[in-house]
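This briefing looks at how one protein chain is built up, from its overall make-up to the pairing of its strands and the setting of a single residue.

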Amino acid sequence: MNTLTRRVATVASTGALLLGGAVATASTASAATVGSGACTHQIKINTDVYTTVKFRTGPGTGYTATGQLSKGTDVYWQCNKGSNGKPGAWGYVTVKSGAHKAQKGWVAAQYINVPMQLD
């Protein structure tokens, strides 16, 4: 193998490793759990979800769904990322009942019952 061929092979291998690393990083980023530090508004109320909704590791559909919360599941809505109760906003909750009791995660805020004072 001549020097030029070896260099091309090395560059191709390095590029493949870097690309593979970037792909692996991107796919694991959605699995990472994002805590309340991502919030933009404090809520701090006990409420519930009014329909079955996915429970996620971060504020967005790009994050891993770790399960579902059933209609009526009690939650403590700690804080919000985005506007209160608007589509596209995400609520960071601690689950108070059901299969995910005591777990913390994110729910689309439009599916959390919003008390009158937050409307």
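Strands are taken here as DSSP runs of E with at least two residues, numbered from the N terminus, and in that sense I45 lies in strand β1. The model is a predicted one, and the points below move from the whole protein to the strands around β4 and then to I45 itself.

**Overall make-up**
- The protein holds 1 helix and 6 strands, and, read from the N terminus on, its elements follow the order α-β-β-β-β-β-β.
- Of the 119 residues in the protein, 29% are buried, while the exposed surface of the protein comes to about 7,100 Å², with carbon and sulfur atoms supplying 56% of it.
- Among contacts in the protein with a separation of 6 or more, 56% are accounted for by residues 24 or more positions apart.

**Strand pairing around β4**
- Strand β1, which covers residues 41-48, pairs with strand β4, residues 74-81, in the antiparallel sense over 6 bridges, and within this pairing Q42 has C79 of β4 as its bridge partner.
- Strand β4 also pairs with strand β5, residues 90-95, in the antiparallel sense over 6 bridges, where C79 stands opposite Y92 in β5.

**The setting of I45**
- I45 has a relative accessible area of 15%, and because buried means under 20%, I45 counts as buried.
- Although I45 and C79 are 34 residues apart along the chain, their C-alpha atoms are separated by 8.9 Å.

Methods:
Residues are numbered from 1 along each chain as its sequence is written. This is a predicted model: local features need pLDDT of at least 70, side-chain atom pairs count only at pLDDT 80 or more; totals for chains, interfaces and linings use all residues. Side-chain values use heavy atoms; hydrogens and water are left out. Helices (H or I, at least four residues) and strands (E, at least two) are DSSP runs, numbered from the N terminus. Buried means under 20% relative accessible area, exposed over 50%, partly exposed in between (1.4 Å probe, protein chains only). Contact means heavy atoms within 4.5 Å. Accessible areas come from the Shrake-Rupley method with a 1.4 Å probe; for residues, only the protein chains shown count as cover. Two strands pair if DSSP finds at least two bridges between them.
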